[in-house]
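Could you walk me through this model in my viewer? I would like to know what to select at each stop and what I will find there.

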Amino acid sequence: MGSRLHGILGVMARHKSVLLLICLISLATLWSCRLPKMCLYSQCNTDMTTAPIQTHNDVDLSRPDAPFIGWPLERVCKETTWTPGIVFVCDNNSGGIGNIRNYILTCVRYAIEAGVTGVVLPQIRTRAADDLSKIMQPHRDFDYFFDETHFRQNLLSSCPQITIYNSTGDIPNAPGPFRAEPLTPRNLGRRGGCDKRELNKHTDRFDQHFLAHVQTTAEEFKMPDPSLHHPRIFRFSWGVQWDWPVYRDGPEFVATFGGLLRFRSDILELGKKTTAYMHQLAARQDRKGSSSFAGMHLRTESDALNAWPKFENQSKAYLEKAAGLNFKAAYLATGNETEAEKLASTALSDYGISVITKHALLKDHPRDLSALEALTWDQQALIDFVVLLESDYFLGVSPSSFSMNVALKRHLKTEGLHTRPWKVGGKGDGRSWLIGNYEKYWEDWLFMFDSLWP
């Protein structure tokens with residue numbers, strides 16, 4: 001009787017295992033039918049209404065002519081609630097390419113967050129030719145620096161809800177005489193800090209705060225709700241370029257958003273020619289025929305701030321680093337001709353490095369030199385920007401926005417869309433290094449690293 005009972009229990013145990021296995025298979029089948037197929041980037045696309053996300057790991061985003069990758073911007077725009085009749089004006093910029101570029105991008109980012117349906121094509125404020133510190137001169141058109149067609153096509157393809165107006169005069173039903181309402185975004189919301197340079201702590205709620213501001217001011221001044229027939233037009237205040245904590249949007253957005261602003265084609269072409277001439281010079285200087293060259297940005301012009309590293313600090317650091325990396329040639333970007341000659345002389349005599357500027361490099365190419373000299377001081381800096389992006393190693397200075405822009409743009413080559421933030425105050429990323437003071441967040445302008453679009 002006991003053995004018979006033992007046999008029955010054994011059969012039941014085996015049946016129980018089989019039943020358990022059948023249940024697990026059934027559950028797996030059931031959930032595989034209910035759950036969407038797991039896809040990594042562009043491997044599959046089960047939702048035919050949504051385009052697959054692509055990695056674009058083969059694209060070098062550090063190049064000055066890198067193609068624009070639009071899906072991160074498109075994704076942000078799809079998350080936005082749009083309000084017809086609100087227009088942003090992004091022309092209250094000034095300074096060099098670093099400041100102006102970041103101002104425009106930050107203003108456009110605020111426009112998307114606010115859900116405005118109109119943006120006036122940004123204009124660019126110029127500086128005085130005889131005094132570089134006079135940066136609040138008359139405006140020039142967008143193509144003074146940038147490729148307008150590239151900007152329009154890529155912004156509109158990613159954010160079709162936005163209309164780009166050629167000028168404030170093209171805004172339908174704009175009130176006359178025209179006067180845009182001033183707007184300082186960081187004032188909308190309690191900042192919780194005491195330094196005027198502090199980044200906006202409320203970008204996630206900017207849309208709510210901004211729309212509340214629109215409503216309360218409409219009630220106060222007895223204005224109708226914004227619409228295409230009654231537009232509300234806002235001009236951003238000066239100084240918002242270091243306002244947005246960029247990595248709040250994720251690394252893929254940070255790595256691509258700056259690509260909206262590509263230099264115009266003739267500047268890119270001249271920059272590429274200058275780069276090619278530099279490689280030829282480097283090959284002649286190196287006994288092994290290497291065409292590699294270092295890029296240097298010497299920031300000692302008349303408008304440099306007193307607290308910034310001086311010529312002696314910059315030049316010594318640059319030359320020692322370049323010599324340590326065995327460079328025999330270096331391209332120097334600077335607007336200070338006297339100190340350029342001084343650095344070049346020391347480089348050759350003490351380090352055996354041939355240092356040359358764009359004007360000297362193009363001296364044997366008269367047509368290209370004429371094209372360079374036809375550009376303004378700030379436009380010529382764009383040639384430097386292109387060559388430095390293409391150099392084999394870059395040496396710059398913090399807190400120059402020009403140097404920062406170059407270094408962080410070059411940094412995108414490390415991991416593409418997945419590039420992690422630049423390590424502030426470190427030894428660089430193997431492609432670039434910025435000397436500077438890194439002890440005080442505000443006084444040393446370190447906040448700029450947190451708010452710069454590469």
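Here is a tour of cavities, disulfides, one helix and one alanine.

Before you start, keep in mind that this is a predicted model.

**Stop 1: the cavities**

How many cavities of 30 Å³ or more are there? The count comes to 2. Begin with the largest cavity, which has a volume of about 180 Å³. To find its centre, select R63, P64, G259, L261 and K409, the closest to that point among the 18 residues of the lining. Next, colour the helices α6 (251-257) and α12 (377-390), since each of these supplies at least two residues of the lining of the largest cavity. What kinds of residue make up this lining? By class, the lining of the largest cavity has 11 nonpolar, 3 polar and 4 charged residues.

Now move to the second largest cavity, with a volume of about 40 Å³. For this one you can show the lining: select W422, K423, G425, G426, G428, W433, L434, Y438 and F449. This group divides into 5 nonpolar, 3 polar and 1 charged.

**Stop 2: the disulfide of C77 and C159**

Show the cysteines as sticks and look for 2 disulfides. Select C77 and C159 to see one of them, with the sulfur atoms 1.7 Å from each other. This link is right-handed, with 50° about the S-S bond. Where does each partner sit? C77 is in helix α2 (residues 71-78), and C159 is in the loop between α4 (148-158) and β5 (163-165). The two cysteines are 82 residues apart, and the pair links distant parts of the chain. Add a surface and check whether they are buried or exposed: both C77 and C159 are buried.

**Stop 3: the disulfide of C90 and C107**

Now select C90 and C107, which are joined with an S to S distance of 2.0 Å. Here the link is left-handed, with -75° about the S-S bond. C90 lies in the loop between β1 (83-89) and α3 (97-114), while C107 belongs to helix α3 itself. This pair, 17 residues apart, also links distant parts of the chain. Why does C90 count as buried? Its relative accessibility is 1%, so C90 counts as buried. C107 counts as buried because its relative accessibility is 0%.

**Stop 4: helix α4**

Stay in this region of the sequence list and pick out α4. Which of its residues are buried? Select H150, F151, R152, N154, L155 and S158. As you turn the view, recall that an α-helix has 3.6 residues a turn, so residues three or four places apart point the same way. To see what covers the buried residues of α4, display elements including α2, α3 and β5. Then go to the start of α4 and show D147 with T149: a side-chain oxygen of D147 comes to within 3.2 Å of the backbone nitrogen of T149.

**Stop 5: A283**

For the last stop, select A283 in helix α7 (residues 265-285). A283 is partly exposed, because its relative accessible area is 28%, between the cut-offs of 20% for buried and 50% for exposed. What does A283 touch beyond its neighbours within four places in sequence? Select G289, S290 and S291 to see these contacts. Finally, use the distance tool on the C-alpha atoms of A283 and A329: they are separated by 8.6 Å, although the two residues are 46 residues apart along the chain.

Conventions:
Residues are numbered from 1 along each chain as its sequence is written. This is a predicted model: local features need pLDDT of at least 70, side-chain atom pairs count only at pLDDT 80 or more; totals for chains, interfaces and linings use all residues. Side-chain values use heavy atoms; hydrogens and water are left out. On a 1 Å grid over the protein atoms alone, a cavity is a set of points where a 1.4 Å probe fits but cannot get out, and a pocket is an open set with protein on both sides within 12 Å along at least five of seven lines; lining residues have an atom within 4 Å of a point. Grid points are joined across faces, edges and corners, and a volume is the space filled by probe spheres set on the points. Helices (H or I, at least four residues) and strands (E, at least two) are DSSP runs, numbered from the N terminus. Ala, Val, Leu, Ile, Met, Phe, Trp, Tyr, Cys and Pro count as nonpolar, Asp, Glu, Lys and Arg as charged, and the others, Gly among them, as polar. A disulfide is a pair of cysteine sulfur atoms within 2.5 Å. Buried means under 20% relative accessible area, exposed over 50%, partly exposed in between (1.4 Å probe, protein chains only). Contact means heavy atoms within 4.5 Å. A polar contact is a pair of N or O atoms within 3.5 Å; within protein, one must be able to donate a hydrogen and the other to accept it, and residues adjacent in sequence count only if both atoms are side-chain atoms.
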